[in-house]
Amino acid sequence: MTGTDWAAWQQSWDRQQEWYMPDREERFGVMLDMVEALVGPKPRVLDLACGTGSITSRLLRRFPDATSVGVDLDPALLAIAEGSFAGDERVTFVTADLKDPSWAASLPYDSYDAVLTATALHWLHSEPLTALYGQLAGLVRDGGIFMNADHMIDGATPRINAAERALRHARMDREKAAGVLDWADWWAVAAKDPVLAEPTARRFEIYGEHADGDAPSAHWHADTLRAAGFGEARTVWASPSDSLVLAVK
């Protein structure tokens, strides 16, 4: 992996994700605000379904005394994460499948001040996500927090949903025509890279093309988290299509 420009891969991933979520940095900012407000500037964080380490990179820039454990199953995104944070003793990465009931046994710590995740858990259907929330309630310390930022659909507002989706996709079509890489384009580039080609092939064997999970409403997430053992849970940020749900143990 010597000579690979991991920072360039991180930036490329960020640009691709921002095509879908132009307010991505805003929600990361709110997420870190809530970390500081509720658990302070030196948290032990579990970066859940960490991908390239997008949350971890922003966490450590803002809180240099934080520590982060990133967990994911995607070998290509983990390769970028591990390359990006090589030599940083504040960061540990773990390969684990969140659908495996024993995934948490691979973690280096039994409890965390904060568990953070973004644009990831929509890969899970509601039943395994409910089970995962129950596990997370056991990993977050008393007074600690869990936050999930993701696409969350309110089925009670179909006309609003359709109008928002049409406007969003019109913008995306314009940007795509101007040369922005979408999900499939980005992975096609990764598949041709000498270092990432092999892990990219493995990740498609694991996941297929994309998620087939659910995107339940923010209310569903908050209710499910409270039922799992969190004392409080509600939306702390929202755009017309996405929400950030915060739960406190």
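This passage describes aromatic ring pairs and charges over rings in a predicted model.

A pair of aromatic rings is described by the distance of the centres and the angle of the planes. The search covered the whole structure and found 14 aromatic pairs. One of them joins Trp183 and Trp187. Their ring centres are 5.8 Å apart, within the 6.5 Å allowed for a pair. Their planes meet at 70°, and an angle over 60 degrees counts as edge-to-face, so this pair is edge-to-face.

Trp187 also pairs with Trp186. Here the centres lie 4.9 Å apart. The planes stand at 90°, so this pair is edge-to-face as well.

The positions along the chain fit into this picture. Trp183 and Trp187 both belong to helix 7, which spans residues 183–192. They are 4 residues apart, and therefore about one helical turn separates them.

Burial was examined next. Trp183 and Trp187 are both buried. The relative accessibility of Trp187 is 2%; buried means under 20%, so Trp187 counts as buried. Trp186 has a relative accessible area of 1% and is likewise buried.

These three residues belong to a wider cluster linked by ring pairs. The other members are Trp9, Trp13, Trp123, Phe204 and Tyr207.

Charged side chains also sit over rings. The charged end of Arg203 is placed over the ring of Trp187, at 4.3 Å from the ring centre. Trp187 thus has ring partners in Trp183 and Trp186, and a charge over its ring from Arg203. Elsewhere, Arg44 lies over the face of Tyr109. Its distance from that ring centre is 3.8 Å.

How values were computed:
Residues numbered from 1 in each chain as written. Predicted model: local features only at pLDDT ≥ 70, side-chain atom pairs only at ≥ 80, totals over all residues. Heavy atoms only, no water. Phe/Tyr/Trp six-rings, centres within 6.5 Å; stacked < 30°, edge-to-face > 60°. Helix = DSSP H or I, 4+ residues; strand = E, 2+ residues; numbered from the N terminus. Buried < 20%, exposed > 50% of the residue type's maximum accessible area, 1.4 Å probe, protein only. Lys NZ or Arg CZ within 6 Å of the ring centre and 35° of its normal.
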